[in-house]
Amino acid sequence: MRCDRLWRNARLATLAPDQPGLGEIDDGVIACKDGVIVFAGRRDQAPAGLDAERKLDCDGRWITPGLIDCHTHLVHGGDRAEEFERRLCGASYAEIARAGGGILSTVRATRAATEAELVATALPRLDALLAEGVTTLEIKSGYGLSLDAEIKQLRAVRALGQLRPISLVPTLLAAHTIPPEFANDADAYITLIADTIIPAIAATGLAVAVDGFCESIGFSPAQIRSVFAAAARHGLPVKLHADQLSDLGGAALAAEFGALSADHLEYASAAGIRALAAAGTVAVLLPGAFYGTHETHLPPIDLLRRHGVSMALATDCNPGSSPLTSLLLAMNLAATLFGLSVAECLAGVTRAAAGALGLGASTGTLEAGKDCDLALWDIERPVELVYRMGFNPLHARVWRGQ
């Protein structure tokens, strides 16, 4: 078998679901052809005659799947550093939002920015994630809250994908908060989303999924149900910011619509977790937001484990509650604050994160047939990727074999 590239003398953490632990392999080999893995495994099990145009000696380094950040708000105008100071003085995230700050302050800044300005300010955040081995990244809209402004955000996402070698997953989050022009008529805004914004975005292909914020400072379950019904009519899968600040039954609502993921989940009930398990919906844990909002109510990790719900991790990179551009630090926070194991953390930013984006068939593990997205690490043990803070041991990042 002849391929394009061959990585040899490597230690692999395949994260393959049919292998124990991390799927660790000593003296491993990865072969790639046309951007796709054709073999990943032990050298002595490689196909006879395996050869490549380019052979790379990894000198015993570890290779994991390229990391996946499955929940970000990377594209936005302005910042919310002033709100950070207010939270230090005791103001809560909900109090700031109700006083006109929070998401609405970012909406004002994003509406005022040009598409080019949104791209320019997002690039450093994107580059920080790429520098830690991220090869797939979800980016939500939700700071425009009008058709034109949401399109502007999503066009900026598309532009980022043309500037950097990465797989970007654009998500429409028009149901993020109530825009000021609809302050006294949230239902009318929901109608605009369902009847105008979703159909227009579906027609352009600018987003591949629809998200919503089901919360007392966001939208009610009934309103989100209208948004999700519209998404279904236009063939777009859904995901949900669910049960972050209170239990409004968001987890069960996400499960009702077969959502790809339910995200946050600090206040999710046992019934909600059971519903996620039955639906096969991935739970996305966001320790950066938990930390940034000074939350103390832990997500129900034991319930998620008990019911076999797949747990992904993400940065939730956003200007307010989680100005975090390090997926490595997100793993450390998840282990320290939520009690996740090393294996759960690493699966959370690879295999489970791929599932949360509906990409489990193409990425997230080192297996034949998957995209050749790799991260090579200068470490002795995988635990180092979770253990360290503020230290980046990435040796090389590979996207689609390059």
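**View 1. Strands β9 and β10 side by side in the predicted model.** In this predicted model, strand β9 is joined by two bridges to strand β10, which spans residues 239-242, and the two strands run parallel. Within this pairing, C214 stands opposite A242 of β10. Helix α6, made up of residues 186-204, packs on the sheet and touches both β8 (167-175) and β9, with a direction that makes about 150° with that of β8. Helix α7, covering residues 221-233, also packs on the sheet, where it touches β8, β9 and β10, and its direction makes about 175° with that of β9.

**View 2. The open sheet and its edges.** The sheet is open and is formed by eight strands with parallel pairing, which follow one another in the order β6-β7-β8-β9-β10-β11-β12-β13. The edges are occupied by β6 (67-69) and β13 (311-313), and because each of these has a single partner strand, one side of each is left without a neighbour in the sheet. Neighbouring strands of this sheet are turned against each other by 25° on average, when direction is ignored.

**View 3. Helix α3 and the elements packed around its buried residues.** Helix α3 extends over residues 103-112, and its buried residues are I103, L104, S105, T106, V107 and T110. These buried residues of α3 pack against four helices and a strand, namely α1 (81-88), α2 (93-98), α4 (115-130), α5 (147-163) and β9 (209-214).

**View 4. P287 in helix α10.** The residue shown here, P287, belongs to helix α10, which consists of residues 287-292. P287 is buried, and its relative accessible area is 0%. When residues up to four places away in sequence are left out of the count, P287 touches L313, A314, A330, L333, A334, L337 and F338. The C-alpha atom of P287 is separated by 33 Å from that of G41, a residue 246 positions apart from P287 along the chain.

**View 5. Two buried cysteines, C3 and C58, without a disulfide.** The structure as a whole holds zero disulfides, and a pair of cysteine sulfur atoms would have to lie within 2.5 Å to count as one. For C3, the closest cysteine sulfur is that of C32, and because the two sulfur atoms are 7.4 Å apart, they are too far from each other for a bond. C3 is buried, with a relative accessible area of 1%. For C58, the closest cysteine sulfur belongs to C372, and at 11 Å this sulfur is likewise too far away for a bond. C58 is also buried, with a relative accessible area of 3%.

How values were computed
Residues are numbered from 1 along each chain as its sequence is written. This is a predicted model: local features need pLDDT of at least 70, side-chain atom pairs count only at pLDDT 80 or more; totals for chains, interfaces and linings use all residues. Side-chain values use heavy atoms; hydrogens and water are left out. Buried means under 20% relative accessible area, exposed over 50%, partly exposed in between (1.4 Å probe, protein chains only). Contact means heavy atoms within 4.5 Å. Two strands pair if DSSP finds at least two bridges between them. Axes are lines fitted to C-alpha atoms, for helices over the stretch in contact, and angles run from 0 to 180 degrees between N-to-C directions.
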